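Reader: I am new to this structure. Could you take a close look at one charged side chain and its partner, and then go on from there to other side-chain contacts?

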Amino acid sequence: MKAEREPAPELPVARVLPMMPLAHLDREFDYRVPVELDEQAQPGVRVRVRFAGRLVDGFIVARVATSEHPGKLGWLDRVVSAERVLTPEVSDLVDAVARRYAGTRADVLRLAVPPRHARVEAERVPEPVTAPEVVPDVEAWAAYVHGESFVSAVQAGRGPRAAWQALPGEDWPTRLAELAAVVAGGGRSAVLVVPDQKDLDRVAAACVALVGDDLVVPLAAGLGPAMRYRRWLAALRGTARIVVGTRSSVFAPVPELGLIAVWDDGDDNHSEPRSPYPHAREVALLRAFGTGCAVILGGHARTAEAQALVDSGWAHDLVAGRPEVRARAPQVTALADSDHALARDPGARAARLPAIAFAAAREALTSGAGVLVQVPRRGYVPSLACGKCRAPARCRRCNGPLSLPSAVGPDGAGTPACRWCGVADANHRCQACGNRSLRAVVVGAGRTAEELGRAFPGVPVRTSGGGEVSATVSAGASLVVATVGAEPVMPGGYGAALLLDGWALLGRADLRAEEETLRRWMTAGALVRPAGAGGKVVVVADAGLPTVQALVRWDPVGAAQSQLEQRAEVGFPPAVHLAAVDGGRAAIEDLLAAAPLPDGVEPLGPVPLPPGERLPFSGDGPEPVEVERMLLRVPRAAGGALARALAEAQAVRSARRAVGSVRVQMDPVRIG
């Protein structure tokens, strides 16, 4: 640490947080500041320091007159940039997120602060633009109970908190833009967080239409390093007052934050796949709590987490009255998806649509309106099941899933083959009931589009999903086949929406299967015209199911309340806090032995890691042969204590270089 240089007593001290991946080094270290760096070395700047014999990056979090360290201090090697990229408010937020998710501040900082781009920093800083005074469309917000009061509170600079259920057909990007424009007009900043690029483009366009280009900054992962850093700096320097972005934009370092909004908080895209795996909704709530700004969680559906906030009194309902909902909602019809019903209906056999769905599509097309067809997956026929008992069709050689090749004949015939080993099985027989017939578990968008094209000759068929997602489609008589989350907007609304393979969505082995299914259905149904204008939604699922009934009534709040009560009864989030510990059995046992777990913790497991989950990442050593998951359940009041205990245990294992990687996730989206 430049030992040949004797520090002068009068030189100040910088408290530095090094960007180290090791949990036991998640703390500040004091360094002397040379005279030539004194002016630049301010809190929030990036620096380079020598640590354990090598240079590492870090952030100055504070300047102090003296250090409590009794030994000799090292010196700052250099100030990377004089730009104060870590603001005090974001620094406090990073600390809170790390505590909430049992992670390290270095990991959270990698999510919050993008990599530096020197050329962009050197560019001329544009002059701040005064935001125009925007009068919000009070009439639009008046459709919601207490909607006008919420807008008035935001305009007055108070910190209201609300869970907003947008009406079907609502121009929700414009409603969010109105709130952001009101905040910007008062000299404050707004952060609007959306799930994906399609939503980002719509909200950004609505904001630009109200306040102009200079005040709006869209942030997304798809931007190049230079463009992303340029827009991030515009938010930091206050030249732009409205930030619209995906999950990482929840950390945007805007000055004088007045509003933070999260749209569709149930979307999986809001969950960060990198350590410490924070959820944008929870980060937004922590930020609103720390700053006192207004916060709104919006969507056509509602999560159990949002309902828990309302039940606790922390947030208020922002919903429309039942007469308004009935006037705006489409007519929803449900039916039983059975082979007998399909066999009795020749039209359904031709298009794989029950008669009522076929009739709704034909009626909409005849009137010159579009038809939205939502399918759970893209592509062709991804997997097969027994035609009688619906047990998954498995390979007799390796027990892998069977599927049909994409190049099948016009009648859908083909020899099923294993997706794992590739062996064809022309004489497959169900292992559960012995039946020889097969059916598609989920017919993908590609196959569905082909069938619809044959059923409605002469009607244009468009697809949206995968790598080709359409944000909008032109109005007119056409069939739009889209995977969930990729439904394009049609001006004036669709005449009908057909929600296929409902049983496949509801039958998933997932805690959130019902909640997620209703969210997907309502997102598609909200794009359909009101029932008074002929709009119809047909859901291919049993009408007696509670989730289907919630869609028929268009009652997302009641469904969320029911979900919350069910989870409270069986002890699952958000009624409790849950930690998932993934790794080899020996590593999990080692971690739990080192953790000072709070009283009342209930261990569940270990069980095999759920299918589809990524293996625990580790830069050192191989992954264990068998990866398991241990769940730790505690009451909500003990969630902070559990996170601290697991963080301390991670630090202990890191300090002694324990063998085997362990991943800790607090309240994971997928429990298994």
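**A charged pair and other contacts**

Author: Arg247 has a relative accessible area of 26%, so this residue counts as partly exposed. The model is predicted, and what follows is read from that model. Arg247 forms a salt bridge with Glu272, and the closest N and O atoms of the two are 3.0 Å apart. Arg247 lies in the loop between strand S9 (242-245) and strand S10 (257-263), while Glu272 lies in the loop between S10 and helix H9 (280-291), so the salt bridge ties together parts that are 25 residues apart in sequence. Glu272 counts as buried because its relative accessibility is 6%, and buried means under 20%. The pair therefore joins a partly exposed arginine to a buried glutamate.

This salt bridge is one of 42 in the structure. Another joins Arg656 to Asp590, with the closest N and O atoms 2.4 Å apart. This pair also links distant parts of the chain: Arg656 is in the loop between helix H21 (639-655) and strand S26 (662-666), Asp590 is in helix H20 (residues 585-594), and 66 residues separate them. Arg656 is partly exposed, at 44% relative accessibility, and Asp590 is partly exposed too, at 23%. Some salt bridges share partners, and in this way Arg100, Asp265, Arg281, Glu282 and Asp667 are joined into one network.

A further salt bridge is found within a helix. Glu178 and Arg175 form it, with a closest N to O distance of 2.8 Å. Both residues are in helix H6 (residues 172-185), and because they are three residues apart, about one helical turn separates them. Glu178 has a relative accessible area of 6%, so it is buried. Arg175 is buried as well, at 7%.

Charged ends also meet rings. Arg100, a member of the network above, has its charged end over the ring of Tyr101, 4.7 Å from the ring centre. The charged end of Arg633 sits over the ring of Phe572, at 5.8 Å from its centre.

Rings pair with one another too, and the structure holds eight aromatic pairs. In one of them, the ring planes of Tyr144 and Trp164 stand at 80° with the centres 5.9 Å apart, so this pair is edge-to-face. Tyr144 is in the loop between helix H4 (138-141) and helix H5 (147-155), and Trp164 is in strand S6 (residues 161-165); the pair thus links distant parts of the chain, 20 residues apart. Both Tyr144 and Trp164 are buried. The two rings belong to one aromatic cluster, together with Trp141, Trp172 and Trp263.

Tyr229 and Trp232 give a second arrangement: their ring centres are 6.0 Å apart and their planes are at 10°, so they are stacked. Both lie in helix H8 (residues 225-237), three residues or about one turn of the helix apart. Tyr229 is buried at 0% relative accessibility, and Trp232 is buried at 3%.

Elsewhere, five strands form a closed barrel in the order S1-S2-S5-S3-S4, with mixed pairing. From one strand to the next, the twist averages 55°. Within the barrel, strand S2 (residues 29-32) and strand S5 (residues 74-81) pair in the parallel sense over two bridges. Arg32 stands opposite Trp75 in S5.

Conventions:
Residues are numbered from 1 along each chain as its sequence is written. This is a predicted model: local features need pLDDT of at least 70, side-chain atom pairs count only at pLDDT 80 or more; totals for chains, interfaces and linings use all residues. Side-chain values use heavy atoms; hydrogens and water are left out. Rings of Phe, Tyr and Trp (its six-membered ring) pair if their centres lie within 6.5 Å; planes under 30 degrees apart count as stacked, over 60 as edge-to-face and the rest as tilted. Helices (H or I, at least four residues) and strands (E, at least two) are DSSP runs, numbered from the N terminus. Buried means under 20% relative accessible area, exposed over 50%, partly exposed in between (1.4 Å probe, protein chains only). A charge sits over a ring if NZ of Lys or CZ of Arg is within 6 Å of the ring centre and within 35 degrees of the ring normal. Two strands pair if DSSP finds at least two bridges between them. Axes are lines fitted to C-alpha atoms, for helices over the stretch in contact, and angles run from 0 to 180 degrees between N-to-C directions. A salt bridge is a side-chain nitrogen of Lys or Arg within 4 Å of a carboxyl oxygen of Asp or Glu.
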